[in-house]
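Thanks for making the time, everyone; I would like to walk you through one structure this morning, going from the overall fold to the salt bridges and then to the surface. Please keep the picture in view while I talk.

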Amino acid sequence: MLLADRAYDTDEIILMAKTAEIEMVIPPKIDRIIRREYDEYIYKLRHLVENAFLALKHWRGIATRYAKHSASFLAAVQIHCLAIWLSVRA
């Protein structure tokens with residue numbers, strides 16, 4: 001599934017997604033003559049993903065990547081994602 005905002009609603013991207021048999025969830029630009037259907041519910045879930053990345057960037061160690069090894073960085077991201085998830089669930 002290709003999930004993107006209106007800026008990615010171009011004929012080239014649509015053609016590439018169709019040839020690769022990828023389902024597109026891109027709202028059509030306002031000036032498009034032929035309106036394309038898209039799953040509005042899944043598009044709204046995109047907001048949750050963007051907010052998760054925004055919350056991760058607030059952690060200084062992740063935003064500046066203090067970890068020297070990729071395994072340490074991945075562990076830090078997983079721990080912070082868990083902290084974000086637990087604060088939302090509480």
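Reading along the sequence, the protein chain follows the pattern β-α-β-α-α-α, and that corresponds to four helices and two strands, where helices (H or I, at least four residues) and strands (E, at least two) are DSSP runs, numbered from the N terminus. Before going further I should say that this is a predicted model, in which local features need pLDDT of at least 70 and side-chain atom pairs count only at pLDDT 80 or more, while totals for chains, interfaces and linings use all residues. Residues are numbered from 1 along each chain as its sequence is written, and side-chain values use heavy atoms, with hydrogens and water left out.

Now to the overall dimensions. The C-alpha trace of the protein chain spans about 50 × 30 × 20 Å along its principal axes. The radius of gyration of the protein chain is 18 Å, whereas a compact globule of 90 residues would have one near 12 Å; the radius is taken over C-alpha atoms, and the globule rule is 2.2 Å times the number of residues to the power 0.38. Of the 90 residues in the protein chain, 18% count as buried, and here buried means under 20% relative accessible area, exposed means over 50%, and partly exposed is in between, with a 1.4 Å probe and protein chains only.

Some separations in space help to give a sense of the layout. Leucine 74, which lies in helix H4 (residues 70-89), is 70 residues from alanine 4 in sequence, and the two are 25 Å apart in space, C-alpha to C-alpha. Methionine 16 is found in helix H1, and its C-alpha is 32 Å from that of serine 70, with the two positions 54 residues apart in sequence. Methionine 16 counts as exposed because its relative accessibility is 59%, while leucine 74 is partly exposed, with a relative accessible area of 46%. Glutamate 21, in the loop between H1 and S2, is 60 residues along the chain from cysteine 81, and their C-alpha atoms are separated by 32 Å.

Let me turn to the charged side chains: how many salt bridges does the structure hold? There are five salt bridges, each defined as a side-chain nitrogen of Lys or Arg within 4 Å of a carboxyl oxygen of Asp or Glu. In one of them, arginine 36 meets aspartate 9 at 2.8 Å, N to O. This pair links distant parts of the chain, since arginine 36 sits in the loop between S2 and H2 and aspartate 9 in the loop between strand S1 (2-3) and helix H1 (11-19), 27 residues apart. Arginine 36 and aspartate 9 are both buried.

Another salt bridge joins arginine 32 to aspartate 11, with the closest N and O atoms 3.0 Å apart. This pair, too, links distant parts of the chain, with arginine 32 in the loop between S2 and H2 and aspartate 11 in helix H1, 21 residues apart. Arginine 32 is partly exposed, because its relative accessible area is 22%, whereas aspartate 11 counts as exposed at 53% relative accessibility. Asp9, Asp11, Arg32 and Arg36 are in fact linked in a network of salt bridges.

In helix H2, glutamate 50 and arginine 46 are separated by about one helical turn, because they are four residues apart. Their side chains meet in a salt bridge of 2.7 Å, N to O. Glutamate 50 is partly exposed, with a relative accessible area of 42%, and arginine 46 is buried, with 18%.

Finally, the surface. Tyr41, Leu45 and Leu48 form a nonpolar patch there, with about 330 Å² of accessible area together; patches are made of residues with over 30% relative accessible area and no salt bridge, with nonpolar side chains (Val, Leu, Ile, Met, Phe, Trp, Tyr) joined within 5 Å and like charges within 9 Å. Accessible areas come from the Shrake-Rupley method with a 1.4 Å probe, and for residues only the protein chains shown count as cover. Within this patch, leucine 48 has its place in helix H2 and is exposed, with a relative accessible area of 53%.

Which kind of charge gathers in the patch of Glu23, Glu37, Asp39 and Glu40? The charge of that surface patch is negative, where Lys and Arg count as positive and Asp and Glu as negative, with His and the chain ends not counted, and the place of a charge is taken as NZ of Lys, CZ of Arg, CG of Asp or CD of Glu. Glutamate 37 lies in the loop between strand S2 (24-25) and helix H2 (40-57), and at 75% relative accessibility it counts as exposed.
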